[in-house]
2 protein chains.
Amino acid sequence: MHPYEEIRTEILRRINSQAWPAGFALPHEEKLAEEFGVARGTIRRALSPLVDAGLIERRRRAGTRVVGRKAHSSTLTIPVVRHEIERGGHAYGYKLLRSSLGDDARDDQGLFAGAPLRHIVSLHLSDGRPYQLEDRLVNLEAIPEARDADFSTVSPNEWLIARVPYSSVRTILRAEMPGTNDSKYLKLQRDEPVFVIERQTRLDGNILTLVRMAHPAHGFQMITATDDFQ
Amino acid sequence: MHPYEEIRTEILRRINSQAWPAGFALPHEEKLAEEFGVARGTIRRALSPLVDAGLIERRRRAGTRVVGRKAHSSTLTIPVVRHEIERGGHAYGYKLLRSSLGDDARDDQGLFAGAPLRHIVSLHLSDGRPYQLEDRLVNLEAIPEARDADFSTVSPNEWLIARVPYSSVRTILRAEMPGTNDSKYLKLQRDEPVFVIERQTRLDGNILTLVRMAHPAHGFQMITATDDFQ
DNA sequence: AAGTGGTCTAGACCACTAG
DNA sequence: TAGTGGTCTAGACCACTTT
């Protein structure tokens, strides 16, 4: 255990034990450096994840204070669907259901500002059972290669992630009563809802793609955990 | 814009433009420091969030490589229910439905290893409409004060978060057909599903509390976004 | 105006692991 | 065993913001 880890743990302990309650002003960096017998940089390193996690707040001249906890933050990871299925030891299957350009690909929410679009509907299967219905709009102005891409064997999900390695993403999670397409393709049980993941992907402010991914609720869940400090 | 930010942006640009494609070995720290005319520490600072985000991988002696993107990670924040409702400009309401000790508080999943428990069922309202049904087990061995706490005016959610400022959390998200209690208290429309958040809270490996929070699907969603580097 | 956190440097030594 | 990343130091200067 490195000094910065020990110091972080100790400070975490003081916060959790209420020895340093919400609102408490921590000693400033030089004092802490002196107390723990390290350089100031090591103190900064110990504190920095606590700032990111929202446990403490720092302001120049004002110092560092313990923040009353208001929320739990955790990291949600959404993998490529094929990897998710294969990691669970299941056989992955994929079927392109529909692909169209132009008027069929409508920008209902006005997000794409009139850009030409491609609309792809596809189905991901796990051991032959419907796992996810993917309904996607791709901005052909931002990704012109998508016009002629062949999505009959590679899903747009994987094709895009390979092409746009990094981008900013907004994800919305919902429970929904199934729509017509959901019922048609997902082989839902009677009254079974769908778990919907909706995602906007942007690069430099331009929206690249909008996707709705619907899962049969039965047997599907998303798991997320805090990155433990301990 | 500080040097470390400019360097990070430039490296991000090289990765996204495929100038540095997946598998590419980056120059080592001293070379980069030389190229950008900064100290080695500044290069480390520029790269470190890219490591956290999983864009690059670093190994001693082996160097630094660009990783093919496999998943989208984003941060999911679950606030105290009251804050969430009030931030939306709605009136918060709370009602304790049931509170019991002993046999009524059963540890169905065997998570609490026989510890004494308190079982609390409560309802959170937004503008008088049911918003969330909270069904919670609290470990009285870990938090003995919870035995006599009064949950008729303060929800266990808030009471606990004030008492245990930091802890590790595992969250599971699901869409479900409503159970008996859900239908009874959430005033669901016909065939309306519920969005369920299930959460285990731990401290130093001991499970403190297990909670199931059910929301009427209609009008409820969770939003999460990547922390943009730009 | 002064005190606090934020950035950066130049250097040292250590820990791991690929070759 | 040599090369790379990981940690730490002691110091400097800067930026912000409270008093």
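How many residues of chain B are in contact with chain A? Select both chains and you'll find 56 residues of chain B in contact with 56 residues of chain A, where contact means heavy atoms within 4.5 Å.

Before you go on, know that this is a predicted model, in which local features need pLDDT of at least 70 and side-chain atom pairs count only at pLDDT 80 or more, while totals for chains, interfaces and linings use all residues. Residues are numbered from 1 along each chain as its sequence is written, chains are lettered from A and ligands numbered from 1 in the order in which they are written, and side-chain values use heavy atoms, with hydrogens and water left out.

**Stop 1: where the chains meet**

Stay with chains A and B. Together they bury about 4,900 Å², 56% of it on carbon and sulfur atoms; buried area is the accessible area (1.4 Å probe) that two parts lose on being put together, summed over both. Now select α1, β3 (71-79), α5 (156-163), β7 (168-176), β8 (194-203) and β10 (222-225) of chain B: these elements each give two or more residues to the side that touches chain A. Helices (H or I, at least four residues) and strands (E, at least two) are DSSP runs, numbered from the N terminus.

Color that side of chain B by class and you get 28 nonpolar, 15 polar and 13 charged residues. Here Ala, Val, Leu, Ile, Met, Phe, Trp, Tyr, Cys and Pro count as nonpolar, Asp, Glu, Lys and Arg as charged, and the others, Gly among them, as polar.

**Stop 2: strands side by side**

Next, pick β7 (residues 168-176) of chain A and β10(B). They pair in the antiparallel sense over 4 bridges; pairing takes at least two bridges found by DSSP. Zoom in on A:Arg170, and opposite it in β10(B) you'll see B:Ala225.

**Stop 3: over to the DNA**

Now show DNA strand C and the 22 residues around it; A:Arg40, B:Pro3, B:Ala39, B:Thr42 and B:Arg45 come nearest. To be near, a residue needs a heavy atom within 4 Å of the strand. Sugar and phosphate make up 67% of the strand C atoms that come within 4 Å of the protein.

By class, this surface has 5 nonpolar, 5 polar and 12 charged residues. Its largest share, 3 residues, comes from α3(B).

**Stop 4: the phosphates**

Finish with three distances to phosphate oxygens of strand C. Try the side chain of A:Arg44, with an N or O atom 2.9 Å away, then A:Glu29, whose backbone N or O atom lies 3.1 Å away. Last comes B:Ala39, where a polar backbone atom is 2.6 Å from a phosphate oxygen.

Definitions and conventions:
Polar contact = N/O pair within 3.5 Å; in protein donor to acceptor, adjacent residues only side chain to side chain.
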